[in-house]
Amino acid sequence: MKEGNKKVFRRVSVVLMLVAMMCTLIACGKENSTNTPVRETDTSQENVADKTDAPQETANAGNKENAVPDSKSDAKILIAYFSWSGNSKSEAELIQEKTGGTLFEIVREGAYPEDYTECTEVAKKEKEEDARPSIKNPPESVSEYDKIVVCYPIWWHTAPMCVGTFLEKYDLQGKTVYPVSQSASMDEDQFAESVQFVKDCAKGADVEKGLFVDADDDEAVTKYVEETILQ
Ligand SMILES: Cc1cc2nc3c(=O)[nH]c(=O)nc-3n(C[C@H](O)[C@H](O)[C@H](O)COP(=O)(O)O)c2cc1C
């Protein structure tokens, strides 16, 4: 090869090499640019997850820390009832069903007579003596409960004395008590007298106005549960 041709050949080779290198670089660049969005997409998905998770965790933690007790789920409720012929029992059971609370039946040691007239006589004597008849198997403590619903019939214009026995057994400081009653006459004054009796016996408790409705008025009981007991 002549010297002149050799020079031309070298130049052409160098140019070809440069072109080849540029092509390689461009190809790599394209490859990278193809991968990048995938990674970006992946990364952005991770970020979305991160972003979604983080505030949720923070919000939850915040909720826990600043938790305002939701009485619908957090407050512990005891429903204690006395019933001779079943009316207060059915009110108490409805309240238990609506609140998910614990039911306790107040039962006098040595049951009240089954005969109505005899029962009224025993109950009258207890009232006149302001007696506190013993009750069967009272809970050892009611300290775990925040709210105590007490259901009873009106007996001799007030609550049956064994309701007093139950309430006076415990230190009810800081608890809320909800009197729920019904009677044959549905006399409001008699209910007011019974609420005063509950107040006198439930030492330290915050006694609510209570509910006095017919035993079969499920709607009123449910409303009271939702708007008062569970608030
Ligand atoms: C001993 C006794 C005394 C009662 N005294 C009254 C009373 O003072 N006023 C009234 O309206 N009803 C009175 N009643 C009627 C009850 O309040 C009524 O029958 C009530 O629905 C009974 O509830 P219970 O089924 O939960 O026992 C008396 C009933 C009994 C057995």
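**Exercise 1. The shell around the ligand**

Task: Determine which helices each supply at least two residues of the shell around the ligand, and describe that shell in this predicted model.

Solution.
- Step 1. Helices α2 (87-99) and α3 (116-128) each supply at least two residues of the shell.
- Step 2. The largest share comes from α3, with four residues.
- Step 3. In total, 22 residues surround the ligand. The closest are Ser85, Asn87, Ser88, Pro153 and Ser185.
- Step 4. Sorted by class, the shell holds eleven polar, ten nonpolar and one charged residues.

**Exercise 2. The overall chain and its confidence**

Task: State how many helices and strands the protein chain has, and in what order they occur.

Solution.
- Step 1. The protein chain contains six helices and six strands.
- Step 2. Read from the N terminus, the order is α-β-α-β-α-β-α-β-α-β-β-α.
- Step 3. Of the 231 residues in the chain, 28% are buried.
- Step 4. Among contacts with a separation of 6 or more, 79% link residues 24 or more positions apart.
- Step 5. The average pLDDT of the chain is 80, and 68% of the residues score at least 70. Over residues 23-72 the pLDDT is below 50, and this stretch has five contacts in the model beyond near neighbours in sequence.

**Exercise 3. Strand β3**

Task: Decide whether strand β3 is largely enclosed or open, and identify what pairs with it.

Solution.
- Step 1. A residue is buried if 20 or more other C-beta atoms lie within 10 Å of its own. Seven of the seven residues of β3 are buried, so the strand is largely enclosed by the rest of the structure.
- Step 2. Both faces of β3 are covered. On one side stand Lys147, Val149, Cys151 and Pro153, and on the other Ile148, Val150 and Tyr152.
- Step 3. Pro153 also belongs to the residues closest to the ligand.
- Step 4. Strand β1 (residues 77-81) runs parallel to β3 and is joined to it by five bridges. Within this pairing, isoleucine 77 has lysine 147 as its bridge partner.
- Step 5. Strand β3 (residues 147-153) also pairs with β4, in the parallel sense, over seven bridges. Lysine 147 has threonine 176 of β4 as its bridge partner, and cysteine 151 is bridged to valine 180.
- Step 6. Between β3 and β4 the chain passes through helix α4 (residues 161-168), and this β-α-β crossover is right-handed.

**Exercise 4. Strand β4**

Task: Establish how many residues of β4 are buried, and which further strands pair with this strand.

Solution.
- Step 1. Strand β4 (residues 176-182) is mostly covered, with seven of its seven residues buried.
- Step 2. Thr176, Tyr178, Val180 and Gln182 point one way, whereas Val177, Pro179 and Ser181 point the other way; all are buried.
- Step 3. Strand β5 (residues 206-207) runs parallel to β4, and two bridges join them. Here threonine 176 is bridged to aspartate 206.
- Step 4. Strand β6 (residues 211-212) also pairs with β4 in the parallel sense, over two bridges. In this pairing, serine 181 has phenylalanine 212 as its bridge partner.

**Exercise 5. Three loop residues**

Task: Classify glycine 100, aspartate 130 and tryptophan 156 as buried, partly exposed or exposed, and give the reason.

Solution.
- Step 1. A residue is exposed if 12 or fewer other C-beta atoms lie within 10 Å of its own, and partly exposed if the count falls between this and the 20 needed for a buried residue.
- Step 2. Glycine 100 lies in the loop between α2 and β2 (102-105). Glycine 100 is exposed because 11 other C-beta atoms lie within 10 Å. Its C-alpha atom is separated by 9.8 Å from that of isoleucine 79, which is 21 residues apart along the chain.
- Step 3. Aspartate 130 lies in the loop between α3 and β3. Aspartate 130 has 9 other C-beta atoms within 10 Å and is therefore exposed. Its phi is positive, about 50°, although aspartate 130 is not a glycine.
- Step 4. Tryptophan 156 occupies the loop between β3 and α4. Tryptophan 156 has 17 C-beta neighbours inside 10 Å, so this residue counts as partly exposed. Tryptophan 156 likewise has a positive phi, near 45°, in a residue other than glycine.

Terms used. Residues are numbered from 1 along each chain as its sequence is written. This is a predicted model: local features need pLDDT of at least 70, side-chain atom pairs count only at pLDDT 80 or more; totals for chains, interfaces and linings use all residues. A residue is near a molecule or strand if its C-beta atom, placed from the backbone, lies within 6 Å of it. Ala, Val, Leu, Ile, Met, Phe, Trp, Tyr, Cys and Pro count as nonpolar, Asp, Glu, Lys and Arg as charged, and the others, Gly among them, as polar. Two residues are in contact if their C-beta atoms, placed from the backbone, lie within 7 Å. pLDDT is the predictor's confidence in each residue, from 0 to 100. Two strands pair if DSSP finds at least two bridges between them. A crossover is right-handed if, with the strands pointing away from the viewer, the path from the first strand over the helix to the second runs clockwise.
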